[in-house]
Structure formats: structure tokens, C-alpha cells
Amino acid sequence: MVPKTPSRHRSRSEVQTPLTPSLLAAMNNMAMRSGASPQKKASRSKAPLTPFDTTNPFIAPSQLPSSSKSRPASPVKRASAGGVPTSESFQRQAIGGVIRKGGVESRLDVVTNDYVPPPRADLKRSKSTPAVVRGDFPLVSAAFAEESSEQNRAAADHRDRFIMQKDNTDISAVAASLEQISLNSTTTSPGHTARLAAATGMPLNRRILGYHEPPPAASSSTSDTLLSQQREFAKPLYAQRPGAVGTSTGATTNKSRKIPTQPERVLDAPGMVDDFYLNLLSWSVQNAIAVALEAVTYIWKADTGSVVQLGDAPEGTYISSVDFSNDGAFLGVGIGSGEVELWDVETGQKLRTMTGHTSQIAALSWHQHILSSGCADGSIWHHDVRVPRHKVMELLGHTGEVCGLKWRSDGELLASGGNDNVVNIWDGRIGDVGEGARGSAKWTKRNHTAAVKAIAWCPWQPSLLASGGGTNDATVHIWNSTTGARLHTVRTPSQVTSIQWAPHRKEILTTHGYPTNSIMLHAYPSMERVAEIRDAHDARVLFSCVGPAGDVVCTGAGDENLKFWRIWDLQSEQLTKKKTKKKDLSSVEDLGGGRINPTKEGILSIR
């Protein structure tokens, strides 16, 4: 068996080139130059060649006749003494695979010449481009550097480091493929999917995250009554006020309506009692405001800005309610001990004291010569101030304190609200006059869930009655007094302390306690919120009254201040007529209701 040529002596080229006439001619010329005789060359050429004949390194053994069928051997470095003389560089070229396809002459010229790399510019590379490795392989490094720079220049406008095919990405196709992903994908092993679902406790083909309807509200069963009550009490504290502004004097209005966020005037009222059930503020048609401060009643006249102390309550008690008569000439004063006093506003004299009640009088309301009083024991008395025996009728329909009381302007109906969460509408026609006369409610409404203090009749549609509930209710209901039907309902963020109908607009104003301490304005009959003055007072707004002109609202609160807000503007024609009657407006100030104030101070103290 013929031995193989060692691997270190093999040519790097696996493709052998056969002898060509040009190659044979070159070999003959080389032999003639070396001085060999033709006879010796001929005899040498006639000798049979074997696979181990290394006299000529360019002769491929595969082209020679050989009896062996083994793999052709590669040429070796060694040359016999009688062979063609070769130099060291020539043998190195032969070992390096000089004989390749394409002709030996052109390849020899390329290999024998030194390689001169072409000049290249110093390219700026980014941080993501790898640096060219420089070391013992200058040719490979230069070629790799050129190839890398070409690739970077080609991909500079179409790629980035993270998204290689950003321009060709189809977002819709990606979204469609994501929607098709599920736990039982065909690319996943069914056994692995089943084990994964069992380990996580998640059924197959079900979304892990999904949007559903909110859970139902907790049931207020009899076994959890205390928790239900606590939730109801705390609900107004966390009620959301949509659109409310987070400033102390913030106001929100719609585009068609603007109201001032600051009061026109502020009066100091020290000693005002912070009690939800009392009614300590009243504005007469003569443009005078009565306010009760603990045991003293004051009257502030808007025409002159003067303050008059009307009288004191008996020692050891306090004033719980005040209300002007329809003509503004008399003032009814309710005392905490159960008496009702009658005062002459012009002279400042007390005319009479009407007794009979056993506890505080939290609400008063006038209709002509009848003064009605609501007592803490739930009874309502009609007092005829013209006769010595003043009690002409008693109304029994409340089991709690009567804290809201209002006559309709025509005197046919009387509305009352109590601490028993009940609204009663009474027939105002008085039949037999006497202490034993009893009246029954025409309508009784139990829709409120808290004390009903806010009661107001509509001035431009007498059949409408508005009522508002306390903290646990915070709801305004609109009733039809003719049919007894509830027409509208509005949920507010906090307790409703008072209600006022706009005399010249179809709007309703409400004042509120904690946590908003706000003044809200709603349109009727849509009941959409028109405006809101948040934090109108530093404490809960407890009392309110409308001026005789119907444009200014006065509010009182536990922060011992009276504030005047111009909520509604009168028509421009009415303002023009009133301005023409005034001689000099430089030293006076309009207080609303067609009345002026000669003082220019912003804050007046009621002492």
C-alpha cells in the first residue's frame, strides 16, 4: 500500500490543475537553462514515474500512470539532486497552492508581487460598530474593516441597533399574531401546557386580565346594619365633586354662565351659633337683614350700613330662629326655651311674647298675620298675632324636631321638614279657630334619609316645592304639591343646609356643609349644575337668604361671617332705569335690591 503524503506537506488547494502545453514548455526551458543535455532529459522523461517521484514539484501525480488506486499524493518540498533547481521562495509559492484554476502565469504574477493595500479614509464609527482587529493578520484585518464599513454605510438609513427591520414591520400583522396567542398553541407541547395550567390554577383559553362590570354594592342586611350606617355617614366625605377647582375660592361654571368667585361684601358676625337645625338669618323687603348672635338680635340696614341691636334673649337661653313678616315691619324671634317674641322693627320695641311651647323654636314662617312656629317636640303652632289668645291651630305630623318651615306665597299651603326625615305639606286654610283645632298633612313624603331643614317654594311656579336632606342624605327633591309626585332628584356632595329659588331665572341655589362648604347652582328642569363656589366659607354654610331685588344672596356660616354674593344679574333695562334715578354714584355703593350704601368699607362689624 502506498503511504499518504503527510498533511503538513499538502497543498492548500484541493483542486489539482492538469499539465498543459504551456506548462510543459516552461519546464523544458527551465531544464535547458540549468545545463542538462537533451539525451539526459530524454532518458529521464522516458523513465517511469512513481507517486514518490519528486524531481518536479509542479507535476501532479494524478496525471501519471500508476498501478495504485490510492488517493493521489500531494507534491513535497524535497527535490532530488538531479531535479530542477528551485529557490526557497519558489517552493513556498508551490506549497501555498500556486497552481489553481485560471492559469498559472497570471497567478504567479499576482503572488510574486507584494500586496499594496489601497488608501482608505479614516471612517467615523458609532459605538455600536465593532473596531477593526489589528494584529498579525494585516490583510484579513483590512479586508474585514472595508467590508464592515460598507455594511454600516448601507444599513445606516434603514436600521437601528434594536429594530433591524423597522421599515418593513407590519403593525397590523403583529397585532393579529398577538391576538392568536393562547395557552394551547400548536407550537407548545400539550403535556407542558396542561402541567402549566394545573400549576398556576388557570383554566385554558381564559384571559388572565380582563375588564368586567363593577361588583355589586354590598347588601344592607339586618345583620350588618351598623356597618351600613357607617358607610352612609362616611359617603359624603368621599363623594367626588366633578369639575370642582382645588382652590379655597374656586368656582366652576359652564360656558354660558359666569358667577363671581369672591363675595361683594363681608360682615363680621361674632358669636354666630354653629348649629345645623337653627335658622338665624332673614332678609326683609325693606332691605334689612336680621341676624341672631347667641342671645342678641341685630338688624343691619343695607341702605345706610347702620347696625341696630334689637333685643336680648332671657337670661340663660339663646335665640334659635328669626323671620321677618311679609311687609318687613315686624320680626318674629324664636327662643331656645320655647317662647316666641314679636318685635317692631321701626321702633325697636318688643310687642309681645307668645308662650306655650316646651322646647326650642328652630323654625318660624309668616303669612300675613299668622306666624307659624316649629318646635323641637315635632309640633307646629299657628299664632294669630292680632288676638290675645294667639294659638289658633296645632299641626301634628312629625316625630322629630321641626327644623324647616315655609309658607307658600298665596298662603294656601305650608311645607315643613323635620329631624324625622319627613316632609309634610299642610293645608293652609284655617277652619275653626281654637286651641283644640288640629290639622292633618295633605302630603307626607319619606324619601329623605336625613333631617330635612332646607325647604323652599318656587316663586314663579307655585306648585313646585324643593327640599334638601342632611349629611346622610345630601339629596334635593322637587315635588309637585298638587299631585304629590316627585318630579326631580339631584344628588349633591354634602349635606344641604338651605335652598333658594331664583326669582327671575329658572334656577335653584343650594348651600352645603362638610366637606365642600360650597354654594351650588342648578338649572331647572334639567337639574344640570350651572356653577359651584367651593369653600365659600371656612366652615359649613348654614344659612342663606335672597335680597328683595332677587340678585344678591347672603350666606352665614360657623366661621362667624356674613358674605354677600351677586349670583344673578338683573336685566340691563332695569339697571339703566335705576341708575338714572341716582344723582351721584361716586360716594355710594350698590348693595342690590335697588338700594345703595353710603359707606365704602369692605368689612363691617356687627356689634
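This report describes the overall make-up of one protein chain, then a four-stranded sheet and the strand E30 with its partners.

The model is a predicted one, in which local features need pLDDT of at least 70 and side-chain atom pairs count only at pLDDT 80 or more, while totals for chains, interfaces and linings use all residues. Residues are numbered from 1 along each chain as its sequence is written, and side-chain values use heavy atoms, with hydrogens and water left out.

The protein chain has nine helices and 33 strands, both taken as DSSP runs numbered from the N terminus (helices are H or I with at least four residues, strands are E with at least two). Of its 607 residues, 39% are buried, a term that stands for under 20% relative accessible area, with exposed meaning over 50% and partly exposed in between (1.4 Å probe, protein chains only). The chain exposes about 34800 Å², of which carbon and sulfur atoms supply 53%; accessible areas come from the Shrake-Rupley method with a 1.4 Å probe. Among contacts (heavy atoms within 4.5 Å) between residues at least 6 apart in sequence, 50% join residues at least 24 apart.

An open sheet of four strands follows the order E7-E8-E9-E10 with antiparallel pairing, where two strands pair if DSSP finds at least two bridges between them. Strand E7 (319-324) and strand E10 (349-354) each have a single partner strand and stand at the edges, so one side of each is left without a neighbour in the sheet. Neighbouring strands of this sheet are turned by 20° against each other on average, direction ignored, the axes being lines fitted to C-alpha atoms and angles running from 0 to 180 degrees between N-to-C directions. Within the pairing of E7 and E8, Phe324 has Leu331 of E8 as its bridge partner.

Strand E30 (residues 561-566) has six of its six residues buried, so this strand is largely enclosed by the rest of the structure. In a regular strand the side chains alternate between the two faces of the sheet. In E30, Asn561, Lys563 and Trp565 point one way and Leu562, Phe564 and Arg566 the other way, all of them buried. Across from Phe564 of E30 stands Arg265, whereas Gly556 stands opposite Leu562. The hairpin of E29 and E30 has three residues between the strands, and Glu560 takes a positive phi near 65° there.

The antiparallel pairings named here are set out below.

| Strand | Partner | Bridges |
|---|---|---|
| E7 | E8 (residues 330-335) | five bridges |
| E2 (residues 265-268) | E30 | four bridges |
| E29 (residues 552-557) | E30 | five bridges |
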